[in-house]
Amino acid sequence: MSEKKIPYTESKLYRIRHSATHVMAEAVLEFFPEAKLAIGPPIADGYYYDFDLGKNENGKPITFSDEDLEKIEARMKKLLKKNAKFIQSSMSIAEAEQFFADEPYKLELIADLAAGRLDENGEPTAEAVTEVSIYTQHEFVDLCRGPHVGFTKQVRANAVKLLRTSGAYWRGDENRPQLQRIYGTAWENKEELAAYLERLEEAKKRDHRRVGKELDLFSSSPEVGSGLTLWHPKGGLIRHLAEEFCKNEHITHGYDLVYSPHIGRSTLWETSGHLTWYKDDMYSAIKIDEDEYYLKPMNCPFHIMIYKNKMHSYRDLPLRMAEWGTVYRYERSGVLHGLMRVRGFTQDDAHLFCRKDQMPEEIDRALNFCLHILRSFGMNKFHAYLSTRDEKKSAGDKERWHEPTEALRDALERANLEYDIDEGGAAFYGPKIDLKMIDALGREWQLSTIQFDFNLPERFDMTYIGQDGEPHRPYMIHRALLGSMERFMGVLIEHYAGAFPLWLSPVQVEMIPIADRHTPYADKIAEQLREAGLRVDVDSSSERMNKKIRNAQLQKTPYMLVVGDREKENNEIAVRTRENKNMGAMSVDAFKERALAIIADKGLNL
């Protein structure tokens, strides 16, 4: 296990960002004195604050302009330099309601705090309060539990930056008022800020939506609907190659591939509990022959029904079912984001059913399989999180949780993975491992999950006949490896900035004839390479050679094979890479052997 890290919420950086948020809100009120305050929490790498600026004469919400942002940032920096003290105090619920009488969003937060529903940041809380925490700096007062730095000067003015604005619905509910959100960032010094802004610029270049458009990989259409992806030929080919590889590896590693429908009767979702606990994230029922059917939000109940189709003996276990199953979940329009957050997506879903004595080995197998697959895609840096039992809301007794939790912990140790413990962070139905990949920019992406489930086997009364001739309950493990194909493709695009490994590149070789008279020779070489299994295009356009090379590089094509009089005469090709490395002339067979070896090894270097 890695050394225990200080939680972000207890770190110096968290206090700096929380303090910067309040100073930003203070600056906003100087320019927009009628603005109403909502919430302003620190987030990963920064902070935000939501404001209601009122409406214009056309009834539309007033928004921040770029000029507003510049003025607010400049004023914020001056306020920071005044070195005002952050002072904490408290108010009774009645006093707070009177003090914030003109702040409708604060009044709602106070009511939620008093009832024990939500905290100051809108997160669920279990405790009702009789007093609320208040923080003051200069003349600005906010409902806040902290923590903050001691004085405003401890937030360095040259290490803060306001980044952008956006609309945000209050409570994330489209039926509530639309607020105006300002995002900012703050660091301990200007060097850290500069490095972060540089990373942001690189992240913009790698943004999968931008790269996906440049390389013609995928799109969306308002006629089709928000959050629904259209895969273009190149993007579809990359996805096919990824899926085909993974499916073959699943078969090799003892999984059975299954398929299930896109809809299921309401009774299935009632038994699973989805209609009780998950209905808000499901689409409306479809009426068929007087019965109600629902688009599936998950594949699990179908795999359970395949298991229950016949009686199983202890000798049959473990069973490992895998499916590339497309599911549909209602995501609010405000959270949809390219391939990362969509409404229809395909999960590489697997469910493992095993005996208690088989459980530790199955966890090891599942974790090592996840690592094998991800490393095959060139993803080699990981950080794991082990989510443990919440004493207040977990199904099953504590003893039942102990063995699976320890088995997950032991598997992480044996795999030599850095991991953190998410105390009490497990779902109510079992402990889990979340495996996050660290990309080329050092960002963490959630991909693989290995999740125990004590709930569904009970709800569906799953059994197998044990060695004693009696029925026993199997252990059930959910295992998503890539997560969803859409999100994985988005991560893959950003990790490689579109310059995919050779085996995944939709076009692996671009033949570049120098002049029209060299096109027949280029076609001949292309055919030889295609017969060997390489994906080859021939640029027979009238563009000059250098423009053809540039076009291929912009499309991130791994190899450009230039052919002219000399290459034709010597039966050779001149090889260049997308990084503009000139590898010189070589025979077709030599190139073919090199490329096929890289593909076979799933190599990253050309």
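Is Glu-290 buried or exposed? Let's start there, on a predicted model. Glu-290 is exposed, because its relative accessible area is 68%. You'll find Glu-290 in the loop that runs between strand S13 (286-288) and strand S14 (291-295). And there's a backbone oddity here: Glu-290 isn't a glycine, yet its phi is positive, at about 70°. For context, most residues other than glycine have a negative phi, and most peptide bonds are trans.

Okay, stepping back to the whole chain. We've got 606 residues, and buried ones make up 50% of them. The secondary structure comes to 18 helices and 28 strands. If you box up the C-alpha atoms along the principal axes, you get roughly 90 × 75 × 55 Å. Now look at the contacts with a separation of 6 or more: 69% of those are between residues 24 or more positions apart.

On to the domains. The chain is divided into domain 1 (8-206), domain 2 (224-260 + 296-496) and domain 3 (502-601). Note that domain 2 comes in two pieces, 224-260 and 296-496. Between domain 1 and domain 2, the C-alpha centres lie 37 Å apart. Their contact takes six residues from domain 1 and eleven residues from domain 2.

Now the inside. The largest nonpolar core has 85 residues. Which ones have the most contacts inside it? Those are Phe-377, Met-511, Leu-529, Tyr-559 and Phe-591. Helix H11, residues 359-376, gives the most to this core, with nine residues. The core also crosses the domain assignment, drawing at least three residues from each of domain 2 (224-260 + 296-496) and domain 3 (502-601).

Let me zoom in on Leu-529 for a second. Setting aside neighbours within four places in sequence, Leu-529 is in contact with Val-509, Met-511, Leu-534, Val-536, Leu-561, Val-588, Phe-591 and Lys-592. Two names on that list, Met-511 and Phe-591, also turned up among the core residues with the most contacts. Apart from this core lies another one, of 35 residues, and Met-24, Val-28, Phe-32 and Val-149 are among them. As background, in soluble globular proteins nonpolar side chains tend to be buried together.

Next up, a helix pair. Take helix H7 (residues 233-252) and helix H14 (residues 485-496): their axes are 11 Å apart and they pack at an angle of about 105°. That makes H7 roughly perpendicular to H14, because 65 to 115 degrees is the range for that label. Who's meeting whom? On the H7 side we have Gly-235, Ile-238, Arg-239, Ala-242 and Glu-243, and on the H14 side Met-485, Glu-486 and Met-489. By class, that contact has four nonpolar, one polar and three charged residues.

A couple of loop residues make a nice contrast. Ser-260 is in the loop between strand S11 (256-257) and strand S12 (263-265). Despite the loop setting, Ser-260 counts as buried, at 14% relative accessibility, because the cut-off for buried is under 20%. Leaving out residues up to four places away in sequence, Ser-260 touches Lys-296, Asn-299, Phe-302 and Glu-323. His-372 is another matter: 112 residues along the chain from Ser-260, with 26 Å between the two C-alpha atoms.

Then there's Arg-544, in the loop between strand S25 (536-538) and helix H16 (545-554). Arg-544 counts as exposed, at 71% relative accessibility. The C-alpha atoms of Arg-544 and Ile-512 are separated by 9.7 Å, with those positions 32 residues apart along the chain.

Before I stop, back to backbone geometry. Where are the cis peptide bonds I'd like you to look at? One joins Gly-146 and Pro-147, with omega about 5°. Pro-147 is in the loop between strand S6 (140-143) and strand S7 (160-169). Another runs from Leu-317 to Pro-318, again with omega near 5°. Pro-318 has its place in the loop between helix H10 (300-308) and strand S15 (319-328).

And one last positive phi, to go with Glu-290. Lys-602, also not a glycine, has phi near 50°. Lys-602 sits in the segment after helix H18 (588-600). At 23% relative accessibility, Lys-602 counts as partly exposed.

Technical notes: Residues are numbered from 1 along each chain as its sequence is written. This is a predicted model: local features need pLDDT of at least 70, side-chain atom pairs count only at pLDDT 80 or more; totals for chains, interfaces and linings use all residues. Side-chain values use heavy atoms; hydrogens and water are left out. Axes are lines fitted to C-alpha atoms, for helices over the stretch in contact, and angles run from 0 to 180 degrees between N-to-C directions. Helices (H or I, at least four residues) and strands (E, at least two) are DSSP runs, numbered from the N terminus. Angles under 35 degrees count as roughly parallel, over 145 as roughly antiparallel, 65 to 115 as roughly perpendicular and the rest as oblique. Contact means heavy atoms within 4.5 Å. Ala, Val, Leu, Ile, Met, Phe, Trp, Tyr, Cys and Pro count as nonpolar, Asp, Glu, Lys and Arg as charged, and the others, Gly among them, as polar. A nonpolar core is a set of buried Ala, Val, Leu, Ile, Met, Phe, Trp, Tyr and Cys residues joined through side-chain atoms within 4.5 Å. Buried means under 20% relative accessible area, exposed over 50%, partly exposed in between (1.4 Å probe, protein chains only). Domain bounds come from an automatic or database domain assignment.
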